[in-house]
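Please open the structure in your viewer and keep the sequence panel at hand. The stops below are meant to be selected in turn.

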Amino acid sequence: MNSTPVTLLDLLIERLREAASSFFPGVEEAPCAVLWTDPERAWGAVIPMLKQRLPELLVLGEYAPEERQGPVIWLKTAMAGKIPDVPLPPGQTPILYLPGVARHVLRNADQCPWEWQPLVELLYRGTVWAHRNGKDWTVEGFLVSEEGPALDLAKDDKTRLSLHSSLAVVAQTPLSRLQGKRLEASDFDLLVVGDTPRDLLLWIEHGDAVKSEWGSERWHAFRSRCRDEYGFDPESKPPLYAAEKLGLREESSWQLVWERYCEAPEAYGGIRERLDQAQPADRLALDAQAWPRENALREQRLGAELEKLRDVAAHHARQRIAELEQEHGERRGWVWAKQGDAPLAEALEHLARLAEATRSIPSFTGLAAFADWYAESGCLADSAALAAFRHANMNSESAVRAAIRSVYLPWLEELCSKFQVLFPDSSHKPEGFRPREGECLLFVDGLRLDVARELVLHLEAWNFSPTLETRFAALPTVTATAKPAVSPVFGMLSGDVVPADFAPLSPDGKSMNQPRFLKLLGREGIEVVNLESPSPSTPSARGWAETGRIDSRGHKLEADLAKQLPGELEQVAGVVRRLAEAGWRRVTLITDHGWLWMPGGLPKRELPGFLVESRWSRCAAIKGQSVPDVPVVPWHWNPKESVAVAPGACCFKAGMEYAHGGVSPQECVLPVIRVDVVAGSLPTGGARIDSVKWRRLRCHVTVLHPGPGLCVDLRREVGDAETSVLAGVKEVEADGQVSLLVPDESMEGRKVVVTLLSADGGVISKYDTHVGGKQGVE
C-alpha cells in the first residue's frame, strides 16, 4: 500500500525503488540494478536499517554474505540470483550500495581501479541513483532537495558534523519534526540526547541491548527521566511493563508516547510484538486500537463476513457491506492500517462505494444519453471495484474478490445487456483524429474511461489543466480494428470480408500492421515521435506517439492489473510532461478500447467453433453464412459484414478476468484527454529553448517563458553534468537570453547539447547542435 513517507528512512526507500522504475517501457530496457554511489561513505549509518526493510539491498565491502555484503564479483553474482543463501525478492530490482565509490570514477573506465571495473558495465545496463545534475547524493544535498524532504539546513561545518553524527537517529525521526524550521547543530544534538519518548520506545523495543549501547551516563539519565515523567524505573521494571502502560495510555504522559509511536511506527518495528506480549487478559475493558492482536482478530472476522457474500443476493450483499463499513471503518485510522495490517478495512471503504454505485441503472432510450450517464456516474462503480482489489493482499484477496463479485457482477451483466439493446445507433459514428499544428496525438492502448479519470488527477498534480471528453469506439473493440480507426490514417483504410484478426486493409490491399501504419502516418505528414527525443521538428509539426502497457498487462496479469495501474498512469503522465517540455503545444491522449474486468472470471457463453473463423474473448469472426446464436454488430471497416459479440458481460472463453472485443460502456465509451501547454502550465513555468545561434565559439540561446534560477549548460551528454564543455553553467537573463563561450577551440564542429536546467539542476529542455554551428569531425 502506497503512503506518504513519514521518516527519512521511508523516503530513502521510496526514492531508491523509484529509481528502479524510472524508465520508459517500449523505449528503454528495465535496469538490471540500481547503483548507489557514496564516495564519502556518508550514508553508512542508515544501511543497517535499510537492510531490514530493503531485502533487495546488497552492499559492497568485505565478504559477509550473512549481512548481504561482499566484493564486486560477489555482488554481481548475488544480483543475478545465483547465490542460494542470498535470495532476492521477486519483482524487485537489486540495489547496490557502493561506499567509497564515485560515479565519475566508474565513468572513467580507463582510470577506474581494477577491483571496481566489473561494475562499469552496470552503468549501461542499470541505473544510478544520483542527483539530477548527475552527481552523487550527499546527505546534505538529499535533505535540502525537492526529491528529498526539502529541509532548511544551515550550511556551517558544525551543523554538518552534528547531522552526520546523528544520522541514524535523524533517519528514524518523523519528517514533520524536521520540516518548517531552520535546522542547526543544536537541533541534531537534541535529537540524540533530549528525546525521552524516542528513547523509551527504543528501550521497550530492544530492552537491555540499548542499555549496553548507550553507556552508563546516558542510561542513568534515561532512568531519571522515566522516574520523573512516567513513574517507573527501567532498572527494576521490564520492557513488557512499559509496553502495557503504552497500550493502556491511562496517563497523559503515556498518551504522548503513543502519539509519538503512531507518527512513525516503522521506526520501532519491535513495539508490535511487545504490545502483543503485554496485552491484558480482560479484552472487554481494552481500547482495542492500541493492540495489534485485536486489529488482527477484527480483520479475520471481517474476512469471514465478506466470504459469506459469495452466495448472497446482490441487494442483501449491499446492505451487509454498509453494515460492515459502520463496524470496521474506524480501523482505517488505527496505526495498524498505516503499517498495512488492515487491508480488508482499507478495501471496505471502496467496497462501500461500489455497493452504493451499483444500486440501480437508469433506463435510456438513446445511446448518447446512456454514454453520458456512464461517463458521469456509472464508471464510478468500475473505479471502486479496481480500488477495492488494489488493497487486497495474498491473505485477503479471496474475501475481497467474493465481495466485489456479489454486487459488481450482477450490475455489470445488467448494464452490458441494456447497453447492447441500444448499440449501435445513429450517434455511433466514430472517426479518427487529425492533429492540428503543434499537436501530438498520444495513443495509450486500453485506457478505460474510469482509469482516464485517475490519469487526469495525475496530470493535475503536475500542474496541467487537462480536459476530458468521450467518444465511441469502433467495433469490434480490439486493437487491430479500433486503433487505426482513431488514428489520422482512418480515411485511407477499408475492409472486405472480416479477417480472423479483424485488421483493415491498407491502400495497397494488404492487411494492416504496425510498419504499414507508421508509413501511412508519414504519408499524411505526421511525425512519429521518438520518446527519447520528442521535440517537434518545427513549431507547426503534427505528431503521433504511443505509450503505456495497460492492455498488455491486463492480458498478462488479468485481475492483478488493478494493482499495477497507479504506476502505469504515472508513467503515462510522465510522457505527457516530456512531450510538453519538448515543445508540443497540445498533447491529446486517445485510445482504442476499454475492457471488462472481474476478479474470479466473467461468465462463459458457448460458441461452437464450426460457426466462426476465429474466436476471441468477447468477439468472433463469423464463418461464411453461419448464423450464431449471439448478438452481431457491423464491422467498422465494412458495415455490410458482421461480427459476433458475446452477450451481456459474457466471454467466449472460460475464466477470463480481463477481456475486451465486445459491446459495453466499459469497452465502447472512450476517453479523450486534451492537454494544452500554455505558459505556467508546466512545473517549470513552461520554459523551453526557443533558438540557438553561434558566432564561432560563442553560443547565443533564447529561452521562452524564462523563470528565476534557470541555467543553461553545454554538454556532450544531456543527463551528465560531468560532460559539460563550459567552465560553468550560465543563468538565464530575465529576457530569456544567455550567452555561452566554449573555452576549448578544439571543440569547434563537435556535437553538443544545449541543456536548460531548473533551479535544482533538473533537465527542462534540450537542443542538439554543433559547436560553431557547423558539424565537424566527431
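The tour of this predicted model goes from a sheet to the cores, then to a loop residue, and ends with a cavity and a pocket.

**Stop 1: the sheet**

Begin by selecting the six strands of an open sheet, whose order is E9-E19-E12-E8-E11-E10 and whose pairing is mixed. At its edges are strand E9 (467–472) and strand E10 (527–528), each of which pairs on one side only.

Next, select residues 669–676, which form strand E19. Is strand E19 largely enclosed or not? Seven of its eight residues are buried, so strand E19 is largely enclosed by the rest of the structure. E9 and E19 run antiparallel and are joined by six bridges; within this pairing, Thr-470 is found opposite Pro-671 of E19. Strand E12 (residues 586–590) also runs antiparallel to E19, with four bridges joining them. To view this second pairing, display Leu-589, which stands opposite Ile-673 in E19.

Now move to strand E8 (residues 439–444) and strand E11 (residues 543–547), which pair in the parallel sense over five bridges. Here the facing residues to display are Val-444 and, opposite it in E11, Thr-547.

**Stop 2: the nonpolar cores**

Keep Leu-589 selected and add Ile-404 and Trp-597. Which place do these three residues hold in the largest nonpolar core? That core has 118 residues, and Ile-404, Leu-589 and Trp-597 touch the most other members.

Centre the view on Trp-597 and show its surroundings. Leaving aside residues up to four places away in sequence, Trp-597 touches Ala-385, Leu-386, Phe-389, Ile-404, Tyr-408, Arg-448, Glu-558, Ala-559, Ala-562 and Glu-657. Another core, of 38 residues, lies apart from the largest one; among its members are Leu-12, Leu-50, Leu-163 and Leu-191.

**Stop 3: His-636**

Select His-636, in the loop between strand E16 (632–635) and strand E17 (638–645). Why does His-636 count as partly exposed? Its relative accessibility is 24%, and the partly exposed class lies between under 20% for buried and over 50% for exposed. Apart from residues up to four places away in sequence, His-636 touches Pro-430, Ala-474, Leu-475, Thr-481 and Ala-485. For a distance check, pick the C-alpha atoms of His-636 and Phe-464: they are separated by 34 Å, and the two residues are 172 apart along the chain.

**Stop 4: the cavity**

How many cavities of 30 Å³ or more does a search of the whole structure find? The search finds one. The largest cavity has a volume of about 60 Å³. To display its lining, select His-131, Arg-132, Trp-137, Ser-145, Glu-146, Glu-147 and Asp-760. By class, this lining divides into one nonpolar, two polar and four charged residues.

**Stop 5: the second largest pocket**

Finally, select Met-49, Gln-172, Leu-202, His-206 and Ala-267, which lie nearest the centre of the second largest pocket among its 25 lining residues. The volume of this pocket is about 650 Å³. Which helices each supply at least two residues of its lining? Helix H2 (47–53), helix H8 (167–170), helix H10 (196–206) and helix H11 (208–214) each do so. Colouring the lining of the second largest pocket by class will show 12 nonpolar, seven polar and six charged residues.

Conventions: Residues numbered from 1 in each chain as written. Predicted model: local features only at pLDDT ≥ 70, side-chain atom pairs only at ≥ 80, totals over all residues. Heavy atoms only, no water. Pairing = 2+ DSSP bridges. Core = buried A, V, L, I, M, F, W, Y, C linked by side-chain atoms within 4.5 Å. Buried < 20%, exposed > 50% of the residue type's maximum accessible area, 1.4 Å probe, protein only. Contact = heavy atoms within 4.5 Å. 1 Å grid on protein atoms, 1.4 Å probe; cavity = no way out; pocket = protein on both sides within 12 Å on 5 of 7 lines; lining within 4 Å. Points joined across faces, edges and corners; volume = space filled by probe spheres on them. Nonpolar A, V, L, I, M, F, W, Y, C, P; charged D, E, K, R; others polar.
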